[in-house]
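Work through the exercises below with the coordinates open, and attempt each task before reading its solution.

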Amino acid sequence: MAATQRGNVFSVPGGLVITSADYVKLNMVTRTWAGRWTAFRLGVKATWNRLRRRRLVSLGQSLVARLRSSLVEAGVPVWLDTPLLDLVRDGDQVVGAVIEHEGHPYRVRARRGVVIASGGFERNEAMRKEYLPEVGRPDVSGGVESNTGDGIVAGQAVGAAVDLMDDAWWMPAVRKPEGRVHSLVSERSIPNSLILTPEGERFTNESSPYVTFVHEQIERGHPYLWFVQDQTARRRYPFGGIVPGTDLPQTWYDAGTAHRADSLAELAGLTGMDPEALESAVERFNDLARAGHDDDHQRGDSAYDRYYGDPTLQNPVLGPLTRAPYYAVRVAPGDLGTKGGLTTDERGRVLDAAGEPITGLYAAGNASAAVMGNDYAGAGATIGPAMVFGYIAARDAARR
């Protein structure tokens, strides 16, 4: 199982296991004793795990490993690298699927129902161009490469309705020169930083939920943004997987992903931002940061905003940009997956254009239209409904 599991977004040393609670504290390793103690504790654990040759997993890997183990224990066969080609109908009901495995097509009969849980269409360029708004069409996605919308297309072919196809689980992201996409979660709460438009203007609360943030970006038509921070931020906080106190990789500068300058005017010249707009935005932000409240966009007012902030400051997410050099990193409207998919009811049954269930066909996860609608409830807003409605769909099918 381990050989076929998808790796972590971050490259971590062997034996090191980090939970979401650990991650929050580690971000403050230069600022709080809780951060330093967490780093020490994890270092000791990692050393012990390596000595015992233990391979531990956490977060998404841990969840998937447990689910996969349960399938093994229950004797359920799993075929990897097996794309869905078509759904099989008998009259007005779905009774199976045509799949391809090791170069050969197979027709699989389903006595009780077919559950489509194949993910969204974030890695399908044609579907992105057809459905997503112009700003969000480029593929800057953290979704797995196999999420190409096969299940959604197959459902449409048998008359299924779709919804929310113009939306995604948006996430501000940095595409690194080597091609990897880094999602900006905690970074947007770094004090001594702000995010500006291509022209150099501040337009929203940087620390807001990531879906909300990119919705604002799309609504205003900004194809990319600049994450601007000063040397204080670079010295104190991690960014993009780069530990605090170190420079950004030279490859970032060579590729134009990042720029560094000794003055804001010089930074404007490197990025194309308007010098006056940039200096004005930073000056205004600095005044708000010193006052301890963001009167313009209310950054830091909510518990969500402050979660990844610096607890040693008056406002955990506000700090003035005053210390050169200054850095600008190009931010794209990335995503974690698409929200649109097959329309389903409360039993996970796929509905047709008239709102009637298609007998024998179910959907869960990002292959179905998000139960959250256009909103974002918080971390796990995709995983939770996927597991719940997968369970509901399976129980409903078992009763047929």
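The exercises that follow concern a predicted model, and they treat enclosed space, an open pocket, a helix pair and two backbone features in turn.

**Exercise 1. Enclosed space**

Task: Establish how many cavities of 30 Å³ or more a search of the whole structure finds, and describe the lining of the largest cavity by position and by class.

Solution: Begin with the count, since the search of the whole structure returns two cavities of 30 Å³ or more. The largest cavity has a volume of about 140 Å³, and among the 16 residues that line it, Gly365, Ser368, Ala370, Val371 and Pro385 are the closest to its centre. Next, assign the lining to secondary structure: helix α12, which spans residues 383–398, gives the largest share, namely three residues. Finally, sort the lining of the largest cavity by class, which yields eleven nonpolar and five polar residues, with no charged residues.

**Exercise 2. The second largest cavity**

Task: Determine which residues line the second largest cavity and how these residues divide by class.

Solution: The volume of the second largest cavity is about 50 Å³. Its lining consists of Asn27 and Met28, then Ser186, Ser189, Ile190 and Pro191, and further along the chain Tyr237, Pro238 and Tyr308. Sorting the lining of this second largest cavity by class gives six nonpolar and three polar residues, and no charged ones.

**Exercise 3. An open pocket**

Task: For the second largest pocket, find which element supplies the largest share of the lining.

Solution: The second largest pocket has a volume of about 260 Å³, and of the 18 residues that line it, Val140, Pro223, Tyr224, Arg330 and Ala332 lie nearest its centre. Strands β6 (168–175) and β11 (326–338) each contribute at least two residues to the lining of this pocket, and the largest share, four residues, comes from β11. The classes in the lining of the second largest pocket are twelve nonpolar, two polar and four charged residues.

**Exercise 4. A helix pair**

Task: Characterise the packing of helix α9 against helix α10 by angle and axis distance, and list the residues that make the contact.

Solution: Helix α9 (residues 264–271) packs with helix α10 (residues 275–291) at an angle of about 130°, and the two axes are 9 Å apart. An angle of this value therefore makes α9 oblique to α10. The crossing of α9 and α10 is right-handed. On the α9 side the contact is made by Leu264, Ala265, Leu267 and Ala268, and on the α10 side by Pro275, Leu278, Glu279 and Val282. By class, the contact of α9 with α10 comprises seven nonpolar residues and one charged residue, with no polar ones.

**Exercise 5. Two backbone features**

Task: Decide whether the peptide bond from Ala324 to Pro325 is cis or trans, and find where Glu102 is placed.

Solution: As background, most peptide bonds are trans, and most residues other than glycine have a negative phi. The bond from Ala324 to Pro325 is cis, with omega near 0°, and Pro325 belongs to the loop between α11 (303–306) and β11. Glu102, a residue other than glycine, has a positive phi near 55°, and its place is in the loop between β2 (93–101) and β3 (104–109).

Technical notes
Residues are numbered from 1 along each chain as its sequence is written. This is a predicted model: local features need pLDDT of at least 70, side-chain atom pairs count only at pLDDT 80 or more; totals for chains, interfaces and linings use all residues. Side-chain values use heavy atoms; hydrogens and water are left out. On a 1 Å grid over the protein atoms alone, a cavity is a set of points where a 1.4 Å probe fits but cannot get out, and a pocket is an open set with protein on both sides within 12 Å along at least five of seven lines; lining residues have an atom within 4 Å of a point. Grid points are joined across faces, edges and corners, and a volume is the space filled by probe spheres set on the points. Ala, Val, Leu, Ile, Met, Phe, Trp, Tyr, Cys and Pro count as nonpolar, Asp, Glu, Lys and Arg as charged, and the others, Gly among them, as polar. Axes are lines fitted to C-alpha atoms, for helices over the stretch in contact, and angles run from 0 to 180 degrees between N-to-C directions. Angles under 35 degrees count as roughly parallel, over 145 as roughly antiparallel, 65 to 115 as roughly perpendicular and the rest as oblique. A crossing is left-handed if the near helix is turned anticlockwise from the far one by less than a right angle, and right-handed if clockwise. Contact means heavy atoms within 4.5 Å.
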